[in-house]
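Me: Please take a close look at one helix-to-helix contact in this model, and then set that contact in the context of the whole chain.

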Amino acid sequence: MNQPLTITAAQKAGPTLTAAALGTVLAILIAMPLLHLLPADHAFHVSAYTLTLVGKILCYAIVALALDLVWGYAGLLSLGHGLFFALGGYAMGMYLMRQSAGDGLPAFMSFLAWNELPWYWYGTSSFLWAMCLVVLVPGVLAFVFGYFAFRSRIKGVYFSIMTQALTFAGMLLFFRNETGFGGNNGFTDFRTILGFSISAPATRATLFLATVTLLVGSLYLGWRLARSKFGRVLTALRDAENRLMFCGYDPRSYKLFIWVLSAVLCGLAGALYVPQVGIINPSEMAPTQSIEAAVWVALGGRGTLIGPLLGAGLVNGMKSWFTVAFPEYWLFALGALFIIVTLYLPKGVIGLLRKEKEQ
């Protein structure tokens, strides 16, 4: 009698503990920008460096969540989500560069002796249009790529290779100076956003809160999708696509919807990343960036929503420490981490915690 009662109590306490942990983390995240507004000599003051670092990790957490929707639920391992993240960042960066330049050309265009703005820069001085680009550019690219890929029934390792080739092609394109995106240096030296100084404490706090809001909204959206009929179809698609087709479902539309939604979430994360970090360049499109995102999801536990957030926090926290203490060993540590997760944590940290709770 004791074991069933213990298991039942643990099952009932599980959601309560999870909700309490999430509530605590959310309270800390909301408190951080408020503490940043305190005087610098105050005991509880949160520095600009800490706020920027945590804000960057939160943006990466949104990318991990977006990747979990397509990999953890639909079974589509994408190695190109860094492209969508960077495209959203570049769209926001174009607006910020126009704000810094005023009525003139952005600084890098003047240096390269450009005489006028390229046509695709028109309207980027408007914040509203920039936000439209943040959503439309990754979304349209994902739709076009996904339409033809899913129509051709490309899946598995072939789909992963194609997504990696796509982000690599994007990186090579943006590295070129003649494309009008700053070449190797990308965009930097941002000064204002919506008329407010981008380095002001109040602006930093607002951007941080906007990132927290997007993360919570994305998590809620993913939770609602996972619990819906749509989510059940996605998991069936992941586990037995042929059987799903025999039941009369067309997997292409489900794949395309979740693929485009994931790309849009990455674009929004990139748009919030750029003003907080202060730079965007083609290195964000490097295939290694997208592979790291897959490591975040695998470490935390794919198909769990919470797991990828945990994985993104752990890996990027380790990266911040390693790149300062032992910068030459970070890639070795990342590779070792991936091997350990593959061999000993196939369901990630969340899977391990669930296993311990059931025992």
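Reply: The helix pair comes first, followed by the chain as a whole, the cysteines and a few loop residues.

This is a predicted model, in which local features need pLDDT of at least 70 and side-chain atom pairs count only at pLDDT 80 or more, while totals for chains, interfaces and linings use all residues. Residues are numbered from 1 along each chain as its sequence is written, and side-chain values use heavy atoms, with hydrogens and water left out.

Two packed helices are described by the angle between their axes and the distance between the axes. Here the pair is helix α6 (residues 157-175) and helix α11 (residues 287-300), whose axes come within 9 Å and cross at roughly 140°; the axes are lines fitted to C-alpha atoms over the stretch in contact, and angles run from 0 to 180 degrees between N-to-C directions. That makes α6 oblique to α11, given that angles under 35 degrees count as roughly parallel, over 145 as roughly antiparallel, 65 to 115 as roughly perpendicular and the rest as oblique. On the α6 side the contact (heavy atoms within 4.5 Å) is made by Q164, T167, F168 and M171, and on the α11 side by P287, S290 and I291. These residues divide into 4 nonpolar, 3 polar and no charged, where Ala, Val, Leu, Ile, Met, Phe, Trp, Tyr, Cys and Pro count as nonpolar, Asp, Glu, Lys and Arg as charged, and the others, Gly among them, as polar.

The chain around this pair has 14 helices and 4 strands, taken as DSSP runs numbered from the N terminus, with helices being H or I of at least four residues and strands E of at least two. For 359 residues, a compact globule would have a radius of gyration near 21 Å, and the chain agrees with its 21 Å; this radius is taken over C-alpha atoms, and the globule rule is 2.2 Å times the number of residues to the power 0.38. Along the principal axes, the C-alpha atoms fill a box of roughly 80 × 60 × 40 Å. Among contacts with a separation of 6 or more, 77% are between residues 24 or more positions apart. Of the 359 residues, 46% count as buried, which means under 20% relative accessible area, with exposed over 50% and partly exposed in between (1.4 Å probe, protein chains only).

Turning to the cysteines, the count comes to 0 disulfides, a disulfide being a pair of cysteine sulfur atoms within 2.5 Å. The sulfur of C59 has its closest cysteine sulfur in C266, 11 Å away and so too far for a bond. C59 is buried at a relative accessible area of 1%, and C266 is buried at 0%.

Among the loop residues, T124 sits between α4 (107-111) and α5 (127-151) and counts as buried at 0% relative accessibility. Leaving aside neighbours within four places in sequence, T124 is in contact with M94, Y95, R98, W129 and L133. L305, in the loop between α11 and α12 (306-325), has a positive phi near 70° although it is a residue other than glycine, and at 4% relative accessibility L305 counts as buried. L194, in the loop between β2 (192-193) and β3 (196-197), also has a positive phi, of about 55°, without being a glycine.
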